[in-house]
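This report asks how the helices, the contacts and the surface are arranged in the structure shown below.

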Amino acid sequence: MSHSEVKQYLIDQYLISYPGDAARVLSTFEVEKALEYLKNQPADVASEILYRMDPEDASEILELLDATKFKELLDHLNVFLAARLISRFPGDMLQTRLENLPAGKARQIRELITYPAECAAFMMDTKVTTFQHHATVKDALKKLRSLKDRKLYQVFLIDGEGHLT
């Protein structure tokens, strides 16, 4: 094996064996750099890492994927997480991406992200700002500054499984 093949093998094994740690490390990278690591992974590995990443970072990565890889990853994500992540997409992209999914999954996601006005869920914000429990102040400030004009009323601290801490 060449040096580059050994390096890629080690990276692949790390991503497979330690998805929580990999999610933490990739969350410190620029989104484009994290995407480079994930797009070459099998969909089940990449989706497990996305599941453990901060939702805003995971959503940005999904936005940048080509249509084929996007569909592969969404096939491995549960519908609730998929809805939470793609609800952050701009309107045009959201519709385009949903059109490329199997009809049943697209319907389920649409139901989860669109509620009638008389429903209490209509008032929910699916774009909740979360921080991993291991985030540093520097990481948190960087993320907050990247949100630009979005008004924040609350932020939430989550663990590696996405549960509130």
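## A partly exposed leucine and its patch

In this predicted model, Leu144 is partly exposed, with a relative accessible area of 32%, where partly exposed lies between buried (under 20%) and exposed (over 50%), computed with a 1.4 Å probe and protein chains only. Leu144 is found in helix α10, residues 137-146, and belongs with Val137, Leu141, Leu152 and Val155 to a nonpolar patch on the surface that has about 390 Å² of accessible area together. Such patches take residues with over 30% relative accessible area and no salt bridge, nonpolar side chains being joined within 5 Å; a salt bridge is a side-chain nitrogen of Lys or Arg within 4 Å of a carboxyl oxygen of Asp or Glu.

## Packing of α5 and α7

Helix α5 (residues 55-64) packs against helix α7 (residues 79-86) at an angle of about 80 degrees, with the axes 8 Å apart. That makes the two helices roughly perpendicular, a label given to angles of 65 to 115 degrees. Pro55, Ala58, Ser59 and Leu62 of α5 make the contact with Arg84, Leu85 and Ile86 of α7, contact meaning heavy atoms within 4.5 Å.

## Overall composition

The protein has 10 helices and two strands, these being DSSP runs of H or I (at least four residues) and of E (at least two). Of its 165 residues, 36% count as buried.

## Basis of the values

Residues are numbered from 1 along each chain as its sequence is written. Local features need pLDDT of at least 70 and side-chain atom pairs pLDDT 80 or more, while totals for chains, interfaces and linings use all residues, and side-chain values use heavy atoms, without hydrogens and water.

Technical notes. Patches are made of residues with over 30% relative accessible area and no salt bridge: like charges are joined within 9 Å, nonpolar side chains (Val, Leu, Ile, Met, Phe, Trp, Tyr) within 5 Å. Accessible areas come from the Shrake-Rupley method with a 1.4 Å probe; for residues, only the protein chains shown count as cover. Axes are lines fitted to C-alpha atoms, for helices over the stretch in contact, and angles run from 0 to 180 degrees between N-to-C directions. Angles under 35 degrees count as roughly parallel, over 145 as roughly antiparallel, 65 to 115 as roughly perpendicular and the rest as oblique.
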